[in-house]
Amino acid sequence: MVMKLDKVVPFGRSLDEYIKMFNLSSEDLQQRILGVGDGPASFNAEGTAKGYNITSIDPIYQFAGAEIKQRFDAVVDNIIEQIIATPNNWVWSYHNNPQELKASRIKTLGTFLQDYQLGKQEDRYQAQELPNLDFADQSYDLALCSHFLFLYSAQCDRDFHVAAIQEMLRVSQEVRIFPLLTLMQETSPYLDFVMDKFSNLGYFVAIVKVPYELQPGANKMLVVKHN
Ligand SMILES: C[S@@+](CC[C@H](N)C(=O)[O-])C[C@H]1O[C@@H](n2cnc3c(N)ncnc32)[C@H](O)[C@@H]1O
């Protein structure tokens, strides 16, 4: 697995953001959950503290916590400046302004880093990557993929998206992906194809509105599940 940390923006989201991005009910949160591409999100750390059963995979977990923090520190101010320079590209409802967003990302990273060593020992953070996962069929009930598939449509092609979703469906009963927009704030060019493909394969496929929006219009998730 070759990954360059200087290509990654290690911004992570909190448990509360995951709950909103994926419409997670209290029943959902009692399931066996796989976080795919969780990076430095605090979803696993906060969820584990509440007794939830969460495993996270990400190629970034091949790096030490100090390296991930170093990369975050190197890019955070520049990214917040870019956000400030493009005010129309953001919805300030969950986070009230760019400064609050920055504070939230710093807090999330801190919570993740505090849990990282223990979580690695407990196999809750595993260095794995799509499109091939090292889990037995149907090891999980719910696979969540936040801010990776569809968002990085320019970097990962259509075949990658299909293979990645197929693999998540192999290891999990249900897959949820958020957001459906690319970094250019347009609906992913692969969305319609992916929906048709998995529908034709006999899966339940739906777009569901969720109560979270930071990129304008990015308030929907894709649900694909075994019937
Ligand atoms: C923008 S971050 C999102 C982190 C987290 N999901 C969140 O929403 O807070 C995107 C993540 O995708 C991860 N990633 C990159 N390639 C991947 C792959 N092939 N399989 C799984 N994750 C990957 C990156 O390492 C990075 O941590």
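This briefing describes the ligand site of a predicted model and one residue outside that topic, Asn-200. In this predicted model, local features need pLDDT of at least 70 and side-chain atom pairs count only at pLDDT 80 or more, while totals for chains, interfaces and linings use all residues. Residues are numbered from 1 along each chain as its sequence is written, and side-chain values use heavy atoms, with hydrogens and water left out.

**Ligand surroundings**
- The ligand is surrounded by 19 residues (one heavy atom within 4 Å), and the closest are Arg-13, Gly-37, Asp-58, Leu-130 and Ser-146.
- This shell consists of ten nonpolar, five polar and four charged residues; Asp, Glu, Lys and Arg count as charged, and Gly is among the polar ones.
- The ligand occupies the largest pocket, with more than half of its atoms within 2 Å of the grid points.

**Polar contacts (N or O pairs within 3.5 Å)**
- An oxygen atom of the ligand lies 2.4 Å from a polar side-chain atom of Ser-146.
- Another contact, at 2.7 Å, joins a backbone N or O atom of Arg-13 to an oxygen atom of the ligand.
- For Tyr-18, a side-chain N or O atom is 3.0 Å from a nitrogen atom of the ligand.
- Of the 600 Å² of accessible area that the ligand has on its own, the protein covers 92% (Shrake-Rupley method, 1.4 Å probe).

**Asn-200**
- Helix 6, spanning residues 191–200, contains Asn-200 (a DSSP run of H or I, at least four residues).
- Asn-200 counts as exposed because its relative accessibility is 69%, the cut-off being over 50%.
- Between Asn-200 and Ala-136 the C-alpha to C-alpha distance is 24 Å, at a sequence separation of 64 residues.

Methods. Polar contact = N/O pair within 3.5 Å; in protein donor to acceptor, adjacent residues only side chain to side chain. 1 Å grid on protein atoms, 1.4 Å probe; cavity = no way out; pocket = protein on both sides within 12 Å on 5 of 7 lines; lining within 4 Å. Helix = DSSP H or I, 4+ residues; strand = E, 2+ residues; numbered from the N terminus. Buried < 20%, exposed > 50% of the residue type's maximum accessible area, 1.4 Å probe, protein only.
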